[in-house]
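Please open the model in a viewer and keep the selection panel at hand. The tour below proceeds by selection, with a short account of what is found at each stop.

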Amino acid sequence: MGPYPLGSSTAASGWAAADSGPQCSASEIDGLLAGAGYRVRSSDLLHVAHSLERLESAMGGAPAGYLASAEAVHYNPSDLAAWVHSILSELSPSLPPLRPPLAAPVAETWPDPTCFSSPYQQNQMAVVVATRQREEEEGSAIRLVHLLVSCADAVQRGDSGLAGNIIAEMRVVLTRVNAGFGIGKVAGYFVDALCRRIYSPCSSSSCSASVAGSAADQEILYHHFYEISPYLKFAHFMANQAILEAFDGYDRVHVIDFNLMHGLQWPALIQALALRAGGPPFLRLTGIGQPSPDGRDALREVGLRLAELALSVRVRFAFRGVAASRIDDVRPWMLQVVPGEAVAVNSVLQLHRLLGDPGDDAAAPIDSVLGWVVGIRPKIVTVVEQEADHNRPAFLDRFAEALFYYSTMFDSLEARRGAAQQQQQAVAEVYLQREICNIVSCEGTARVERHEPLVRWRARLGGAGLRAVHLGSNAFKQASMLLTLFSGEGYCVEEVDGCLTLGWHSRPLISASAWRADDDVAPLPDSQLFDPSIDATINVDASQQRQQ
């Protein structure tokens, strides 16, 4: 029973009045209790509360049926202390004596009820605290996204002072979210990229190289990204399937790879050709890659490993490496295309690097490269690109698109996180982090991550003289099966007008398409296609050839 003031209509209103109004004195409370017929003083109430606790415990331990069979004795409950003591004596005579009553609370106030909180109340309190922390973190995450967009808007308007102030605020908000997971991790990467753009802007190709890192670093990051996610596996599988079908019936075939890296794509194709009905063809592989700064012939090392594999499965094989900092440094004669062979051009996440600023009247490198690609009359051109729009003219537009795209990408990677994969995933995430940095902090020739969606690639490739090749329902089924074995739920494969996309929870993240030269396009003259004075197995440094 609480010390409700006289005249209160409800318990709730009584507590409110007790909290907001003056406190009753001990004598006043004693008078109220006496008026209600209870022979107990306010100073004894705490002692009575302890007695009631003991009574509850004793009743819980009483023999079954005791209370029902005990002689009914009616006590006057108005004398609370005596009533409780008598029942305790009957239930458990062996209980230790009651503790002496505590002194009346100082300042004539009720004791703090939290001093007697039960485990249930403590659990409830923990739930409340956890819920509050989660809500605060969610609020900080929403605030963080708002600040990122506001900072990008300030950058677009040229207000570097405001952008710097927003970055400082974002640094504080980042401390309130989990920076190792979800939006906290992605936001941290975008904040770092914004800092680089404001304080050390990147506008030249040499600056772009410093952002991207060395060729050896890129190969390591590429390899880890390949291992930890299904995206590059999907790209290689779909491209190989289209190439294998295009080579059907040809005895001499030639693959031109725009980005050899470690040659991860080609063991599967070599093994598939070895099992081809009628026997394997003679396979030539021309791999384009970055020059090795340390003097190592990394391309040739990859070629030797692939040659050993081809020898083991009895596939005749020849390799040629072309070192080039950019694909537009390559000239058709460096590829040594031989008349009568079936040619396949393979580009996995490379063509977007040849795009220019939208609306720029100057010819972009993509135009010249697609020109000679069509001129060598390939049987198949496989194109895999990020399904994103990071080449918009307005900085804020491409920033918002990139924030959405990479948040989805990181979400898909984190869904497969395991204890054994954490270190490998951390390295793979640097691969994406460098893409973010280039999109956000670089401009001009330094910005090479100019991803565009499939619909725009259709128009560009079709305008260059290439005709779409339908990948077919068989490729869709095989890709879906591969994805199920690799990743489980979350990823999705969709067919879009003969092309395939791989995405995460209905958001497409990567697209694969196949093309072939239109029959009306005239081939390049032999003088541009083949130089008989150059051995087809010798590596060529395209960067040095361009300087000469």
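At what angle do helix α7 and α8 pack, and how far apart are their axes? Select residues 160-174 for helix α7, and display α8 beside it: the two pack at an angle of about 150°, and their axes are 11 Å apart. The model on display is a predicted one. Angles over 145 degrees count as roughly antiparallel, and α7 and α8 are therefore roughly antiparallel to each other. The crossing in which α7 passes α8 is left-handed.

**Second stop: α8 and α16**

Keep helix α8, residues 182-199, and add α16 to the selection. Here the axes come within 9 Å and cross at roughly 40°. That angle makes α8 oblique to α16. The crossing of α8 and α16 is right-handed, whereas that of α7 and α8 is left-handed.

Within helix α16, select A426. Is A426 buried or partly exposed? Its relative accessibility is 41%, so A426 counts as partly exposed, the class between 20% and 50%. Next add H224, which is 202 residues from A426 along the chain; the C-alpha atoms of the two are separated by 9.1 Å.

**Third stop: the largest cavity**

How many cavities of 30 Å³ or more does a search of the whole structure find? The search finds seven. The largest cavity holds about 90 Å³ of space. Its lining is made up of 13 residues, and those closest to its centre are F225, L349, Q386, Y405 and M409, which may be selected together.

Which elements each supply at least two residues of this lining? They are α11 (231-246), α15 (395-414), α16 (422-441) and β9 (507-517). Helix α16, already on display from the crossing with α8, is thus met again at the cavity. By class, 11 residues of the lining are nonpolar, one is polar and one is charged.

**Fourth stop: the loop before β9**

Strand β9 contributes to the cavity lining; move from there to the loop between β8 (499-504) and β9, and select H505. The phi angle of H505 is near 50°, a positive value in a residue other than glycine. With a relative accessibility of 53%, H505 counts as exposed, because the class begins over 50%.

S506 lies in the loop between β8 and β9 as well. Its phi is also positive, near 75°, again in a residue other than glycine. S506 counts as exposed at 57% relative accessibility.

**Fifth stop: strand β4**

Select residues 342-348, which form strand β4, and highlight V345 within the strand. Is V345 buried or exposed? V345 has a relative accessible area of 1% and is buried. Add V381 to the view: the two residues are 36 apart in sequence, and their C-alpha atoms lie 4.7 Å apart in space.

**Last stop: helix α17**

Finally, select residues 454-463, helix α17, and locate R456 there. R456 is partly exposed, its relative accessible area being 32%. Show D389 together with R456: 67 residues part them in sequence, and the distance from C-alpha to C-alpha is 9.5 Å.

How values were computed
Residues numbered from 1 in each chain as written. Predicted model: local features only at pLDDT ≥ 70, side-chain atom pairs only at ≥ 80, totals over all residues. Heavy atoms only, no water. 1 Å grid on protein atoms, 1.4 Å probe; cavity = no way out; pocket = protein on both sides within 12 Å on 5 of 7 lines; lining within 4 Å. Points joined across faces, edges and corners; volume = space filled by probe spheres on them. Helix = DSSP H or I, 4+ residues; strand = E, 2+ residues; numbered from the N terminus. Nonpolar A, V, L, I, M, F, W, Y, C, P; charged D, E, K, R; others polar. Buried < 20%, exposed > 50% of the residue type's maximum accessible area, 1.4 Å probe, protein only. Axes fitted to C-alpha atoms, helices over the stretch in contact; angles between N-to-C directions. Parallel < 35°, antiparallel > 145°, perpendicular 65-115°, else oblique. Left-handed = near helix turned anticlockwise from the far one by under 90°.
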